[in-house]
Amino acid sequence: MTFSKHTYTATVDVAGVPTELIPLRGSLTIDEGWAPYIQADITVAVDAAAYTALDPREDARVELTLTQEFSDNGVLTPGTTVTVDLGVRRRTRTPEGDVQLELAGDEALAQDRAHLGPWMERTYGEVALLIIDYLVPIGAELTSPWPFASLEEPDQSIFPGDIIWDVLTPVIEQSGLRLFVDTAREWKLAQVPLNHPQSISLGSVPVLQETTDTVSRDDESWADSVVVKYDWTDAAGEAHSETDIAWTGSAPSKTKVIERGFAYPGAGAAQHVLNRAQARGRSIDSVAVSNYSVRPGMQLTLPVSDGFLSGRVAAVTWSLDDDRMTITPRDLELAHEFAWVLLAPGESWADSAPGIPWTTP
(Lines give C-alpha, C1' and ligand atoms only; values in the text may rest on other atoms or scores of the structure.)
Protein backbone atom coordinates (compact mmCIF):
# COMPACT_ATOMS: atom_id res chain seq x y z
CA MET A 1 0.00 0.00 0.00
CA THR A 2 1.19 3.53 -0.83
CA PHE A 3 1.20 6.24 1.82
CA SER A 4 1.85 9.98 1.51
CA LYS A 5 4.42 11.42 3.91
CA HIS A 6 4.65 15.18 4.53
CA THR A 7 7.53 17.10 6.09
CA TYR A 8 7.89 20.82 6.81
CA THR A 9 11.03 22.88 7.40
CA ALA A 10 11.59 26.56 8.14
CA THR A 11 14.84 28.52 8.45
CA VAL A 12 15.83 32.03 9.45
CA ASP A 13 19.19 33.76 9.10
CA VAL A 14 20.83 34.21 12.51
CA ALA A 15 24.04 36.26 12.29
CA GLY A 16 24.68 34.95 8.79
CA VAL A 17 23.93 31.31 9.63
CA PRO A 18 20.74 29.60 8.34
CA THR A 19 19.05 28.33 11.51
CA GLU A 20 16.25 25.78 11.57
CA LEU A 21 12.95 26.54 13.23
CA ILE A 22 10.53 23.81 14.27
CA PRO A 23 7.15 24.24 12.49
CA LEU A 24 4.32 23.16 14.78
CA ARG A 25 1.24 24.15 12.83
CA GLY A 26 -0.09 26.70 10.36
CA SER A 27 -0.80 27.14 6.68
CA LEU A 28 0.63 28.46 3.40
CA THR A 29 -1.61 30.07 0.77
CA ILE A 30 -1.08 31.11 -2.85
CA ASP A 31 -4.02 33.17 -4.09
CA GLU A 32 -4.19 34.93 -7.46
CA GLY A 33 -6.52 37.55 -5.97
CA TRP A 34 -4.21 38.47 -3.10
CA ALA A 35 -1.44 41.00 -2.85
CA PRO A 36 0.90 39.66 -1.63
CA TYR A 37 0.24 36.62 -3.81
CA ILE A 38 1.87 34.26 -1.26
CA GLN A 39 1.12 34.44 2.48
CA ALA A 40 1.64 32.12 5.43
CA ASP A 41 0.71 31.87 9.09
CA ILE A 42 2.84 29.42 11.02
CA THR A 43 3.61 28.63 14.65
CA VAL A 44 7.18 27.59 15.42
CA ALA A 45 9.38 26.62 18.34
CA VAL A 46 12.57 28.74 18.50
CA ASP A 47 15.54 29.47 20.73
CA ALA A 48 16.44 32.95 21.99
CA ALA A 49 18.77 33.79 19.09
CA ALA A 50 16.24 32.79 16.44
CA TYR A 51 13.50 34.70 18.25
CA THR A 52 15.59 37.87 18.10
CA ALA A 53 16.36 37.29 14.40
CA LEU A 54 12.62 37.08 13.60
CA ASP A 55 12.05 40.79 14.29
CA PRO A 56 9.86 42.12 11.42
CA ARG A 57 11.25 45.64 11.93
CA GLU A 58 14.64 44.35 10.79
CA ASP A 59 13.33 42.91 7.49
CA ALA A 60 13.58 39.33 8.77
CA ARG A 61 12.82 36.56 6.28
CA VAL A 62 11.84 32.91 6.64
CA GLU A 63 12.37 30.15 4.07
CA LEU A 64 9.54 27.64 4.31
CA THR A 65 9.59 24.25 2.53
CA LEU A 66 6.70 21.78 2.31
CA THR A 67 7.57 18.33 0.95
CA GLN A 68 5.51 15.29 0.02
CA GLU A 69 7.02 11.82 -0.39
CA PHE A 70 5.39 8.48 -1.14
CA SER A 71 6.11 5.37 0.90
CA ASP A 72 5.48 2.03 -0.76
CA ASN A 73 6.31 -0.89 1.53
CA GLY A 74 8.75 1.29 3.44
CA VAL A 75 10.53 2.67 0.34
CA LEU A 76 10.34 6.48 -0.01
CA THR A 77 10.05 8.03 -3.48
CA PRO A 78 9.99 11.78 -4.31
CA GLY A 79 6.63 13.48 -4.56
CA THR A 80 6.02 17.23 -4.73
CA THR A 81 7.55 20.20 -2.95
CA VAL A 82 7.19 23.97 -2.64
CA THR A 83 9.76 26.38 -1.19
CA VAL A 84 9.04 30.05 -0.52
CA ASP A 85 11.16 32.88 0.87
CA LEU A 86 8.84 35.27 2.72
CA GLY A 87 9.21 38.39 4.81
CA VAL A 88 8.14 38.39 8.46
CA ARG A 89 5.21 40.75 8.93
CA ARG A 90 4.28 39.95 12.52
CA ARG A 91 5.86 37.97 15.40
CA THR A 92 3.85 36.98 18.47
CA ARG A 93 5.03 35.02 21.50
CA THR A 94 2.14 32.87 22.81
CA PRO A 95 1.50 32.13 26.53
CA GLU A 96 2.75 28.59 25.84
CA GLY A 97 6.11 29.96 24.66
CA ASP A 98 5.61 29.20 20.96
CA VAL A 99 6.03 31.91 18.30
CA GLN A 100 3.35 32.79 15.77
CA LEU A 101 4.60 34.28 12.49
CA GLU A 102 2.71 36.09 9.75
CA LEU A 103 4.71 35.89 6.50
CA ALA A 104 4.19 37.51 3.09
CA GLY A 105 5.76 37.86 -0.35
CA ASP A 106 7.71 40.83 -1.64
CA GLU A 107 4.70 42.83 -2.82
CA ALA A 108 4.66 43.91 0.83
CA LEU A 109 7.88 45.85 0.14
CA ALA A 110 6.00 48.09 -2.30
CA GLN A 111 3.04 48.30 0.08
CA ASP A 112 5.33 49.52 2.89
CA ARG A 113 7.33 52.10 1.03
CA ALA A 114 6.29 55.56 -0.09
CA HIS A 115 7.82 58.12 -2.43
CA LEU A 116 10.00 60.37 -0.24
CA GLY A 117 11.22 62.80 -2.85
CA PRO A 118 9.51 65.87 -4.36
CA TRP A 119 6.55 65.78 -6.75
CA MET A 120 7.62 64.12 -9.96
CA GLU A 121 6.02 63.63 -13.37
CA ARG A 122 7.47 61.37 -16.02
CA THR A 123 6.34 60.07 -19.41
CA TYR A 124 6.34 56.33 -20.05
CA GLY A 125 5.77 54.42 -23.27
CA GLU A 126 4.69 51.18 -21.59
CA VAL A 127 3.55 49.79 -18.26
CA ALA A 128 6.67 47.71 -17.61
CA LEU A 129 8.95 50.77 -17.72
CA LEU A 130 6.83 52.53 -15.11
CA ILE A 131 6.91 49.47 -12.82
CA ILE A 132 10.68 49.07 -13.17
CA ASP A 133 11.26 52.76 -12.40
CA TYR A 134 9.37 52.47 -9.10
CA LEU A 135 10.37 48.96 -7.98
CA VAL A 136 14.12 48.83 -8.64
CA PRO A 137 14.88 51.44 -5.93
CA ILE A 138 13.20 49.23 -3.30
CA GLY A 139 15.36 46.22 -4.21
CA ALA A 140 12.91 44.27 -6.40
CA GLU A 141 14.43 41.53 -8.58
CA LEU A 142 12.95 42.09 -12.05
CA THR A 143 14.29 39.27 -14.21
CA SER A 144 11.33 37.90 -16.18
CA PRO A 145 10.30 38.92 -19.73
CA TRP A 146 7.11 40.94 -19.40
CA PRO A 147 4.21 41.47 -21.85
CA PHE A 148 4.03 44.79 -23.67
CA ALA A 149 1.19 47.08 -22.65
CA SER A 150 1.01 50.76 -23.56
CA LEU A 151 -0.28 53.41 -21.17
CA GLU A 152 -3.44 55.25 -22.21
CA GLU A 153 -2.21 58.17 -20.07
CA PRO A 154 1.61 58.19 -20.53
CA ASP A 155 2.23 61.14 -18.16
CA GLN A 156 2.38 59.71 -14.64
CA SER A 157 2.76 61.74 -11.44
CA ILE A 158 3.89 60.75 -7.96
CA PHE A 159 3.72 62.92 -4.83
CA PRO A 160 5.60 62.72 -1.52
CA GLY A 161 3.95 60.12 0.67
CA ASP A 162 2.34 58.17 -2.18
CA ILE A 163 2.62 54.43 -1.49
CA ILE A 164 4.44 52.72 -4.36
CA TRP A 165 1.96 49.84 -4.65
CA ASP A 166 -1.02 52.23 -4.70
CA VAL A 167 0.56 54.26 -7.49
CA LEU A 168 1.15 51.17 -9.65
CA THR A 169 -2.18 49.42 -9.05
CA PRO A 170 -4.51 51.64 -11.18
CA VAL A 171 -2.15 51.54 -14.17
CA ILE A 172 -1.67 47.78 -14.00
CA GLU A 173 -5.39 47.18 -13.46
CA GLN A 174 -6.38 49.40 -16.40
CA SER A 175 -4.05 47.40 -18.66
CA GLY A 176 -5.61 44.05 -17.71
CA LEU A 177 -2.40 42.86 -16.08
CA ARG A 178 -1.43 41.31 -12.74
CA LEU A 179 1.81 42.07 -10.87
CA PHE A 180 2.90 39.45 -8.34
CA VAL A 181 5.92 37.69 -6.84
CA ASP A 182 6.04 33.93 -7.46
CA THR A 183 7.50 31.06 -5.42
CA ALA A 184 10.96 31.69 -6.92
CA ARG A 185 10.79 35.27 -5.54
CA GLU A 186 10.62 36.66 -9.09
CA TRP A 187 8.34 39.57 -9.95
CA LYS A 188 5.88 38.59 -12.68
CA LEU A 189 3.71 40.79 -14.88
CA ALA A 190 1.04 38.68 -16.55
CA GLN A 191 -2.26 38.97 -18.38
CA VAL A 192 -5.36 38.20 -16.32
CA PRO A 193 -6.83 35.75 -15.79
CA LEU A 194 -3.70 33.77 -14.97
CA ASN A 195 -3.45 30.54 -16.95
CA HIS A 196 -0.93 27.88 -15.91
CA PRO A 197 0.08 25.23 -18.51
CA GLN A 198 -0.33 22.29 -16.12
CA SER A 199 -3.51 20.67 -14.81
CA ILE A 200 -4.77 18.75 -11.80
CA SER A 201 -7.69 16.35 -11.46
CA LEU A 202 -9.17 15.61 -8.05
CA GLY A 203 -10.64 12.13 -8.07
CA SER A 204 -12.54 10.32 -5.36
CA VAL A 205 -11.26 9.52 -1.86
CA PRO A 206 -8.62 9.15 -0.55
CA VAL A 207 -7.22 11.99 -2.73
CA LEU A 208 -10.35 14.14 -2.48
CA GLN A 209 -11.56 14.33 1.10
CA GLU A 210 -14.57 16.66 0.98
CA THR A 211 -16.23 19.36 -1.12
CA THR A 212 -18.50 22.24 -0.11
CA ASP A 213 -20.55 23.84 -2.91
CA THR A 214 -22.07 27.29 -2.23
CA VAL A 215 -23.85 29.68 -4.60
CA SER A 216 -24.44 33.14 -3.13
CA ARG A 217 -25.62 36.48 -4.43
CA ASP A 218 -24.06 38.04 -1.33
CA ASP A 219 -20.57 36.89 -2.28
CA GLU A 220 -18.59 40.16 -2.28
CA SER A 221 -16.57 39.06 -5.31
CA TRP A 222 -19.65 38.63 -7.58
CA ALA A 223 -21.22 41.51 -9.53
CA ASP A 224 -22.76 42.20 -12.93
CA SER A 225 -21.66 45.84 -13.04
CA VAL A 226 -18.54 47.70 -11.87
CA VAL A 227 -17.77 51.37 -11.22
CA VAL A 228 -14.18 52.50 -10.62
CA LYS A 229 -14.05 56.06 -9.22
CA TYR A 230 -10.86 58.13 -9.48
CA ASP A 231 -10.41 61.24 -7.31
CA TRP A 232 -7.09 63.08 -7.26
CA THR A 233 -5.41 66.46 -6.94
CA ASP A 234 -2.83 67.57 -9.48
CA ALA A 235 0.44 69.44 -8.84
CA ALA A 236 -1.38 72.78 -9.14
CA GLY A 237 -3.79 71.82 -6.37
CA GLU A 238 -6.77 71.34 -8.70
CA ALA A 239 -9.16 68.48 -7.84
CA HIS A 240 -10.21 66.01 -10.53
CA SER A 241 -12.72 63.18 -10.72
CA GLU A 242 -13.34 60.51 -13.36
CA THR A 243 -15.27 57.24 -13.48
CA ASP A 244 -14.81 54.03 -15.43
CA ILE A 245 -17.98 51.90 -15.78
CA ALA A 246 -18.72 48.45 -17.18
CA TRP A 247 -21.76 46.15 -16.99
CA THR A 248 -23.29 43.08 -18.55
CA GLY A 249 -26.88 42.45 -19.59
CA SER A 250 -29.68 44.94 -20.09
CA ALA A 251 -30.57 45.36 -16.41
CA PRO A 252 -27.56 44.97 -14.08
CA SER A 253 -28.66 44.13 -10.53
CA LYS A 254 -25.52 44.27 -8.38
CA THR A 255 -22.72 46.83 -8.59
CA LYS A 256 -19.19 46.63 -7.28
CA VAL A 257 -17.74 50.09 -6.53
CA ILE A 258 -13.98 50.65 -6.30
CA GLU A 259 -12.47 53.97 -5.24
CA ARG A 260 -8.99 55.04 -6.33
CA GLY A 261 -7.18 58.09 -4.96
CA PHE A 262 -4.97 58.47 -8.00
CA ALA A 263 -5.05 60.05 -11.44
CA TYR A 264 -7.33 58.44 -14.03
CA PRO A 265 -5.19 56.08 -16.15
CA GLY A 266 -7.84 55.65 -18.88
CA ALA A 267 -10.73 53.25 -19.38
CA GLY A 268 -10.34 49.51 -18.97
CA ALA A 269 -10.07 48.71 -15.26
CA ALA A 270 -13.85 48.38 -14.77
CA GLN A 271 -14.17 45.86 -17.61
CA HIS A 272 -11.28 43.74 -16.31
CA VAL A 273 -12.74 43.74 -12.79
CA LEU A 274 -16.15 42.81 -14.22
CA ASN A 275 -14.66 39.91 -16.18
CA ARG A 276 -13.23 38.49 -12.95
CA ALA A 277 -16.43 39.16 -10.98
CA GLN A 278 -18.56 37.28 -13.51
CA ALA A 279 -16.56 34.11 -12.82
CA ARG A 280 -17.43 34.32 -9.12
CA GLY A 281 -20.61 33.66 -7.15
CA ARG A 282 -20.36 29.88 -6.98
CA SER A 283 -17.90 28.92 -4.28
CA ILE A 284 -16.54 25.39 -4.17
CA ASP A 285 -13.83 24.56 -1.67
CA SER A 286 -12.32 21.12 -2.19
CA VAL A 287 -10.18 19.52 0.51
CA ALA A 288 -7.69 16.90 -0.66
CA VAL A 289 -4.39 15.33 0.33
CA SER A 290 -1.71 18.02 -0.13
CA ASN A 291 -0.01 18.25 -3.50
CA TYR A 292 2.64 20.98 -3.46
CA SER A 293 2.79 21.40 -7.25
CA VAL A 294 -0.66 23.04 -7.40
CA ARG A 295 -0.63 26.68 -8.52
CA PRO A 296 -3.28 29.28 -9.38
CA GLY A 297 -4.23 29.19 -13.05
CA MET A 298 -3.96 25.40 -13.41
CA GLN A 299 -6.73 23.58 -15.26
CA LEU A 300 -8.85 21.80 -12.64
CA THR A 301 -11.46 19.04 -12.73
CA LEU A 302 -13.36 17.83 -9.69
CA PRO A 303 -16.39 15.65 -9.01
CA VAL A 304 -19.57 17.23 -7.59
CA SER A 305 -23.08 15.94 -6.99
CA ASP A 306 -24.24 16.84 -10.52
CA GLY A 307 -21.23 15.45 -12.40
CA PHE A 308 -17.76 16.87 -13.02
CA LEU A 309 -16.77 20.51 -13.03
CA SER A 310 -14.00 21.96 -15.15
CA GLY A 311 -12.31 25.25 -14.32
CA ARG A 312 -9.11 26.85 -13.08
CA VAL A 313 -7.44 27.01 -9.68
CA ALA A 314 -7.88 30.45 -8.10
CA ALA A 315 -6.19 29.68 -4.78
CA VAL A 316 -4.63 26.83 -2.83
CA THR A 317 -4.02 26.60 0.92
CA TRP A 318 -1.83 23.88 2.40
CA SER A 319 -2.42 23.04 6.05
CA LEU A 320 0.55 21.97 8.16
CA ASP A 321 -1.89 20.66 10.77
CA ASP A 322 -3.35 17.74 8.81
CA ASP A 323 -1.40 17.46 5.50
CA ARG A 324 -4.44 18.65 3.55
CA MET A 325 -4.91 21.31 0.90
CA THR A 326 -7.99 23.40 0.16
CA ILE A 327 -8.42 24.40 -3.50
CA THR A 328 -10.67 27.32 -4.45
CA PRO A 329 -11.60 27.25 -8.17
CA ARG A 330 -12.87 29.82 -10.67
CA ASP A 331 -14.46 29.79 -14.16
CA LEU A 332 -16.37 26.60 -13.39
CA GLU A 333 -18.36 24.78 -16.05
CA LEU A 334 -20.12 21.43 -16.01
CA ALA A 335 -17.89 19.02 -17.93
CA HIS A 336 -19.24 16.45 -20.42
CA GLU A 337 -18.60 12.90 -19.23
CA PHE A 338 -16.31 12.32 -22.25
CA ALA A 339 -14.63 15.74 -22.21
CA TRP A 340 -10.86 15.85 -22.70
CA VAL A 341 -10.26 17.20 -19.19
CA LEU A 342 -11.61 13.91 -17.81
CA LEU A 343 -9.36 11.64 -19.89
CA ALA A 344 -7.40 9.10 -17.88
CA PRO A 345 -3.61 9.52 -17.63
CA GLY A 346 -1.94 8.20 -20.77
CA GLU A 347 -4.94 8.87 -23.04
CA SER A 348 -4.83 11.62 -25.62
CA TRP A 349 -7.53 13.77 -27.21
CA ALA A 350 -6.82 12.00 -30.51
CA ASP A 351 -8.19 8.80 -28.94
CA SER A 352 -11.63 10.38 -28.42
CA ALA A 353 -14.52 9.82 -30.80
CA PRO A 354 -15.35 12.58 -33.36
CA GLY A 355 -17.86 15.12 -32.10
CA ILE A 356 -16.95 14.84 -28.41
CA PRO A 357 -16.75 18.34 -26.84
CA TRP A 358 -13.64 19.68 -25.21
CA THR A 359 -15.07 20.67 -21.87
CA THR A 360 -18.81 21.21 -21.61
CA PRO A 361 -22.00 19.43 -22.68
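## A walk through the model, starting at Ser-225

Select Ser-225 to begin: its relative accessibility is 6%, so this residue counts as buried. Keep in mind as you look around that the model is predicted. Ser-225 sits in strand S13, which covers residues 225-233.

Show the side chain of Ser-225 and look for its polar partners. One is Thr-255, whose side chain is joined to that of Ser-225 by a polar contact of 2.7 Å. Another is the backbone oxygen of Lys-254, which the side chain of Ser-225 reaches at 3.1 Å. Now bring up the wider surroundings. Setting aside neighbours within four places in sequence, Ser-225 is in contact with Ala-246, Trp-247, Pro-252, Lys-254, Thr-255, Lys-256 and Leu-274.

**Zoom out**

Switch to a cartoon view of the whole protein. You should find five helices and 19 strands. The protein has 361 residues, and buried ones make up 42% of them. Of the contacts with a separation of 6 or more, 67% are between residues 24 or more positions apart.

**Next stop: helix H3**

Select residues 127-135, which form helix H3. Colour Val-127, Ala-128, Leu-130, Ile-131, Tyr-134 and Leu-135, the buried residues of this helix. Then turn the view to look down the axis of H3: the buried residues fall within an arc of 160 degrees, so they line one face of the helix. What do these buried residues pack against? Their partners are helices H2 (107-112) and H4 (164-174), together with strands S7 (120-123), S8 (155-158), S9 (177-181) and S10 (187-191).

Stay in H3 and pick out Tyr-134. Is Tyr-134 buried or exposed? At 6% relative accessibility, Tyr-134 counts as buried. Leaving out neighbours within four places in sequence, its contacts are Met-120, Tyr-124, Ile-158, Ile-164, Val-167 and Leu-168. Try a distance label on one of these pairs: the C-alpha atoms of Tyr-134 and Ile-158 are separated by 10.0 Å, and the two residues are 24 apart along the chain.

**On to helix H4**

Follow the packing across to H4, at residues 164-174. Here 10 of the 11 residues are buried, so H4 is largely enclosed by the rest of the structure. Among the buried ones are Trp-165, Thr-169, Pro-170, Glu-173 and Gln-174. Step just past the end of H4 and you come to Gly-176, which takes a positive phi of about 75 degrees.

**Look for the empty space**

Rolling a probe the size of a water molecule over the atoms shows where empty space is left. How many cavities of 30 Å³ or more does the count give? The count comes to one. About 60 Å³ of space lies in the largest cavity.

To see its walls, select Ile-38, Arg-61, Val-84, Asp-85, Leu-86, Gly-105, Asp-106, Val-181, Asp-182, Thr-183 and Arg-185. Colour this lining by class and you get five charged, four nonpolar and two polar residues. Strand S5 (residues 75-93) gives the most to the lining, with three residues.

**Last stop: Ser-319**

Finish with another serine, Ser-319, in strand S18 (residues 307-319). At 16% relative accessibility, Ser-319 counts as buried. Its side chain makes a polar contact of 3.1 Å with the side chain of Asp-322. The backbone nitrogen of Asp-321 also lies 3.1 Å from a polar atom of the Ser-319 side chain. Beyond the residues up to four places away in sequence, Ser-319 touches Tyr-8, Gly-26, Ser-27 and Arg-324.

Terms used. Residues numbered from 1 in each chain as written. Predicted model: local features only at pLDDT ≥ 70, side-chain atom pairs only at ≥ 80, totals over all residues. Heavy atoms only, no water. 1 Å grid on protein atoms, 1.4 Å probe; cavity = no way out; pocket = protein on both sides within 12 Å on 5 of 7 lines; lining within 4 Å. Points joined across faces, edges and corners; volume = space filled by probe spheres on them. Helix = DSSP H or I, 4+ residues; strand = E, 2+ residues; numbered from the N terminus. Nonpolar A, V, L, I, M, F, W, Y, C, P; charged D, E, K, R; others polar. Buried < 20%, exposed > 50% of the residue type's maximum accessible area, 1.4 Å probe, protein only. Arc of directions from axis to C-beta. Contact = heavy atoms within 4.5 Å. Polar contact = N/O pair within 3.5 Å; in protein donor to acceptor, adjacent residues only side chain to side chain.
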